[in-house]
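User: I am new to this structure and would like to learn how to read its features one by one. Please give the general idea each time and then the case at hand.

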Amino acid sequence: MRSSRALWVVFTLLFLWGAALPIVSTRTFAASEVGQASPGPSGGGHVGATPFVQVYDPSVGEAGPWYLNDHTFVQDDGGLWHLFGITHPEPSNDQDETTFAHATAPSPQGPWTKRAPALTADPAYGETHLWAPHVIKDGSTYYMFYAGGGPDAANSAISMATSTDLYTWVRHPGGPLFRDGYEARDPMVARVGTQWVMYYTATSEPGGGNHVVAYRTSTDLVHWSARSVAFTDPSSGRGAGNTESPFVVFAEGTWHLFLGPRGGYDDTDVFCAPDPFHFSADQLCGHVFSHAAEVVRAEGRWWISQAGWGRRGVWLAGLDFAAGSRQYAVEAASDPGDRVVIVSGADGRQEAFVGGPDQIWGRYQTVNNGPWSDWYPFGGPKSAVLSAARDLDGRLELFAAGEGRLDRRAQSAPNVWQDWENFGTAAHDLTVTQNADGRWELFASGSQGIYHRWQTAPGGAWAGWEPFGGPADAVIATGRDARGRIEVIAAANDTVHRRLQSAPSGGWPPAFEEFGAVPGVQHLSVNRRPDGSLDLVAGGSTGVSRRVQSGPSGTWSGWDAFGGPPNARVHLGRNADGRMEVFAARGTGTAHRWENGSGWSAWEGFGPGASGIGFGTNADGRTEIVAGTPYGPLSGRYQLAPSGNWSPWASIGGPPLA
């Protein structure tokens, strides 16, 4: 759990076992019994997640905003889901977190109903706070394990309460189960073979040292062995560190250890190993933009949640252990089409496509995060504007507008491309965005306004074109709000327009609404901030303008001047640590500014001019950029470390953007 000495909240995660092994505690997904299994290979798939959607806000019924932090899900015998977690009014105060919230829902996706608090700190029991609940079921009894603190952080209490109905909880009469340091917390209990195993975060010595994931074993959930260590991080100190909220799960033939926050507040690293009791820092096999995460298998798939300070409740995203994402979480936004586009494939390697003067050209990473192939001809229209998508099964789809037509080329299986097909008539601009249910939707503008078509099922066939309204020859960007609804932003003739989906993956209101004036607007970019709000920038004749939501799915501010070069193509990116970064490119140069922890930096020069520029994300979270001009080969630049400094620009060949 959170330490008063840390800036971050940590998360408690539940334990689940794949379908190949028996689940002894039925309808209980906070922990499942794990049978013996032959160890799988280390480092199976690369774990990633789809964009998060807000599912529960504890502020409902309160006078002001509340947060829900470390939490746990469990399903009762009647099929009802229960959510327990730390709760407190904003602003955060980890030493005043003395209550466990309780809510119920028919599904982890909601709708959630707020219930009376499950537990409140008891000073007579020696509790100074309540952190990180984790619930399992054994027989007819539910067991809640949690961190109760105490006056000495080197001897922090790990405690237990029991219930038969998930509403009334009774503390273990013998006091805390054990004590450990420094600020031992975040217990997660799982059945492994013939014994129970409790993982928790601690330090190598009670008074401090390396941050470790400790574990103890038990046969009765009351009496626990001396501790052992499953993971040692190179970092050291006291209190909160890089080993908070350990969670171990077996999936896709190997064991996974989730840990976080690591690197940033909304950063969870995943490690893979053949042994659930021995993980090391060099076994990194995934990353999810999540804080205070729980992993749940429900409704036929895996899910991962996030919560925390300033996050307005609990969010949920689809979790992929192997064959799909292999990259940092897909952002819930899409830029206007560009002559350059970068997309990550099913195996995590990035592919770049460029609309050359003769045809489209492509190149790909030969290994994750690594070097690139030579450029190769890819066909398609000349001087095309491009947009790309990756289906839930990992197949890529590329859309190209040029020579008076709009064409599509899709993969029949990951890394196996089919031929080009015509997909429509000429388009001034296009962008493709993903619905909350995984279906892609394509928007294209022309002289008659905007048209759209969509997949009838995730990864499936496409419906025909239908008119969508909006201004003629508009540039189009999209964002997906905290509720999962797509916002389409379209701009032309100094005016920005907005149309918000009526429901996630659902229909649309009758028409666009005007969304303010931006003189000379010629480009847009939207992205989701770490707190779930959408951020929008526009490039116009007086520079860059910006407006932002007040919170998740909240009201929008007005347009504010944001500086930067005039008449620029803009891109709003999010670094691996959650900090936003804006890029503005025009023919004479490229500039950028970024969040630096205390606000926004000043604008700085970033490189030469560009008439086309694409942004991608490596499997390890580093941003990579490809830019081109009409006068020579393409250039590339990439972050040397996630959220870190940049490499120099280097020529990478490829066609001019004539």
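User: Is E252 buried, partly exposed or exposed, and what is its relative accessibility?

Analyst: This is a predicted model, so the values here are computed from predicted coordinates. A residue is called exposed when its relative accessible area is over 50%. E252 has a relative accessibility of 54%, so E252 counts as exposed. Its place is the loop between β17 (247-251) and β18.

User: What is the phi of E252?

Analyst: Start with the general idea: most residues other than glycine have a negative phi. In E252, phi is positive, near 55°, and the residue is not a glycine.

User: Which residue in strand β8 can I set beside it?

Analyst: A132 is found in strand β8, which covers residues 131-138. A132 is not a glycine, yet its phi is positive at about 55°. For burial, the cut-off is under 20% relative accessible area. A132 has 0% relative accessibility and therefore counts as buried. So the positive phi turns up in an exposed loop residue, E252, and in a buried strand residue, A132.

User: Where are the cis peptide bonds, and what are their omega values?

Analyst: The general idea is that most peptide bonds are trans. One cis bond runs from E90 to P91, with omega near 0°. P91 lies in the loop between β5 (81-89) and β6 (99-105). Another cis bond links G260 to P261, with omega near 5°. P261 also has its place in a loop, between β18 (254-259) and β19 (268-273).

User: How do I read a buried polar side chain, and what does the side chain of Q501 contact?

Analyst: Take the burial value, then look for a partner of the side chain. Q501 sits in the loop between β40 (495-500) and β41. Its relative accessibility is 0%, so Q501 counts as buried. The side chain of Q501 makes a polar contact with the side chain of N435 at 2.9 Å. Leaving out residues up to four places away in sequence, Q501 touches N435, E441, G484, R485, I486, G506, G507 and W508.

User: What does the side chain of S344 reach?

Analyst: Here the partner is a backbone atom: the side chain of S344 reaches the backbone oxygen of T617 at 3.3 Å. S344 belongs to strand β25, residues 340-344. With a relative accessible area of 5%, S344 is buried.

User: How should I compare distance in sequence with distance in space, and how far apart are E514 and H497?

Analyst: The two distances are read separately. E514 and H497 are 17 residues apart in sequence, and their C-alpha atoms are 4.5 Å apart in space. E514 is part of strand β41 (residues 513-517). Apart from neighbours within four places in sequence, E514 contacts T495, V496 and H497. E514 counts as exposed because its relative accessibility is 64%.

User: And how far apart are P633 and D282?

Analyst: P633 and D282 are separated by 351 residues in sequence and by 37 Å in space, C-alpha to C-alpha. P633 lies in the loop between β51 (623-628) and β52 (634-638). Not counting residues up to four places away in sequence, P633 touches S651, G653 and G654. P633 is partly exposed, with a relative accessible area of 46%.

User: How many helices and strands does the chain have?

Analyst: The chain has 0 helices and 53 strands. Its radius of gyration is 25 Å, close to the 26 Å that the globule rule gives for 658 residues, so the chain is as compact as a globular protein of that length. Along the principal axes, the C-alpha atoms fill a box of roughly 75 × 50 × 45 Å.

User: What can be said about the whole chain in terms of burial, contacts, surface and charge?

Analyst: Each of these is one total for the chain. Of the 658 residues, 63% are buried. Among contacts with a separation of 6 or more, 50% join residues 24 or more positions apart. The chain exposes about 22,000 Å², and carbon and sulfur atoms supply 51% of that area. There are 46 positive and 64 negative charges, and their mean positions are 2 Å apart.

Technical notes. Residues are numbered from 1 along each chain as its sequence is written. This is a predicted model: local features need pLDDT of at least 70, side-chain atom pairs count only at pLDDT 80 or more; totals for chains, interfaces and linings use all residues. Side-chain values use heavy atoms; hydrogens and water are left out. Helices (H or I, at least four residues) and strands (E, at least two) are DSSP runs, numbered from the N terminus. Buried means under 20% relative accessible area, exposed over 50%, partly exposed in between (1.4 Å probe, protein chains only). Contact means heavy atoms within 4.5 Å. A polar contact is a pair of N or O atoms within 3.5 Å; within protein, one must be able to donate a hydrogen and the other to accept it, and residues adjacent in sequence count only if both atoms are side-chain atoms. The radius of gyration is taken over C-alpha atoms; the globule rule is 2.2 Å times the number of residues to the power 0.38. Accessible areas come from the Shrake-Rupley method with a 1.4 Å probe; for residues, only the protein chains shown count as cover. Lys and Arg count as positive and Asp and Glu as negative; His and the chain ends are not counted. The place of a charge is taken as NZ of Lys, CZ of Arg, CG of Asp or CD of Glu.
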